[in-house]
Amino acid sequence: MLENISSTKVSGGWHKQYTHQASSTHCAMRFAIFLPPGASETNKVPVMYWLSGLTCTDENFMQKAGAFKKAAELGIAIVAPDTSPRGENVPDDDNYDFGQGAGFYVNATQAPYNVHYNMYDYVVSELPALIEAHFPVTTKKAIAGHSMGGHGALMIALKNPKQFVSASAFSPIVNPINCPWGEKAFSNYLGSDKASWLEYDSCELMKNAVTDDYLPMRIDQGEADNFLTEQLKTENLFAVVNEKDYPAEINMHAGYDHSYFFISSFIDEHLMFHKKYL
Ligand SMILES: CC(=O)Oc1ccc2c(C)cc(=O)oc2c1
């Protein structure tokens, strides 16, 4: 059962927030949807799913990215889920890079996280089914995200290449099995057997991708991003893209950092990129 908690007109369309009881995460989940002008049961529109980064909710992208004007013009709906399960009964951590706000878009296998931290199933299956049942959207889907959400977007597209037409990311964590944020999250959510981490690592997934499953990707990365060297490791994905001749465009930008100032500078290009395939 969907509960509407806000409806705001913007760029001729509507920004709305909802909560619902999710079966994959066993808790109430909140998401936001932007419906462009003219979206209706007789004029269904495609969707770009947006996955946010550490500490974010459904609100950061919608309030800071400046995406509505272009999405309205192109006739694209945007769906932004929360970044983790939340609630008093949901295990948490004192640090910003783990627990609530840091679900890493995996299905946890380790107690106590395995009850609620099933963001992979939520984003891949439960949320799209809900969106397609309740809103005037087609089944055509693109996926995009930032940082931890960029990892989520690329990883989910690589694992589900027939479900998404295209994928894009700002400042993604491309090789979580080889960086401190990923190692902390994966060891707690997935356990100490590193073989189980491989299925959620974009570099590893791309290494094993077959050409029939290639899908168009765009990645934008700021060169003044403080997290680039230690956490994001864009060069590791660049090497796999070259080795596999994968259709991923990687754009490096002088002077830009990890913030939503960077995202808002290039979000129109990402929407236009996805529009070609939607
Ligand atoms: C709203 C905002 O600035 O979001 C934000 C800030 C920092 C980070 C970091 C450091 C990592 C990440 O995955 O997401 C993220 C999002």
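Start with Met148: a polar backbone atom of this residue sits 3.0 Å from an oxygen atom of the ligand. Keep in mind as you click around that this is a predicted model. The backbone also gets involved at Leu54, where a polar backbone atom is 2.9 Å from an oxygen atom of the ligand. Ser147 joins in through its side chain instead, with a polar atom there lying 2.7 Å from an oxygen atom of the ligand. On its own, the ligand has 380 Å² of accessible area, and the protein covers 83% of that.

Now zoom out to the shell around the ligand. From the early part of the numbering come Gly53, Leu54, Cys56, Asn60 and Lys64. His146, Ser147 and Met148 make up another stretch of the surroundings, and Trp181, Phe227, His258 and Tyr260 complete the set. Sorted by class, that shell has 6 nonpolar, 5 polar and 1 charged residues.

What about the space itself? The ligand takes up the largest pocket, which holds about 310 Å³ of space. There are 15 residues lining this pocket, and the closest to its centre are Leu54, Cys56, His146, His258 and Tyr260. The lining of the largest pocket splits into 7 nonpolar, 7 polar and 1 charged residues. If you prefer to navigate by secondary structure, look for helix H1 (59-64) and helix H9 (260-275), each of which supplies at least two residues of that lining.

Two bits of backbone geometry deserve a look before you close the viewer. Most residues other than glycine have a negative phi, and most peptide bonds are trans. Ser11 goes the other way on phi, with a positive value near 50°. You'll find Ser11 in the loop between strand S1 (3-10) and strand S2 (13-22). The other spot is the peptide bond from Ala111 to Pro112, which is cis, with omega near 0°. Pro112 belongs to the loop that runs between strand S5 (77-81) and helix H3 (119-134).

Conventions: Residues numbered from 1 in each chain as written. Predicted model: local features only at pLDDT ≥ 70, side-chain atom pairs only at ≥ 80, totals over all residues. Heavy atoms only, no water. Near = heavy atom within 4 Å. Polar contact = N/O pair within 3.5 Å; in protein donor to acceptor, adjacent residues only side chain to side chain. Areas by Shrake-Rupley, 256 points an atom, 1.4 Å probe, with all protein chains shown as cover. 1 Å grid on protein atoms, 1.4 Å probe; cavity = no way out; pocket = protein on both sides within 12 Å on 5 of 7 lines; lining within 4 Å. Sits in = over half its atoms within 2 Å of the grid points. Nonpolar A, V, L, I, M, F, W, Y, C, P; charged D, E, K, R; others polar. Points joined across faces, edges and corners; volume = space filled by probe spheres on them. Helix = DSSP H or I, 4+ residues; strand = E, 2+ residues; numbered from the N terminus.
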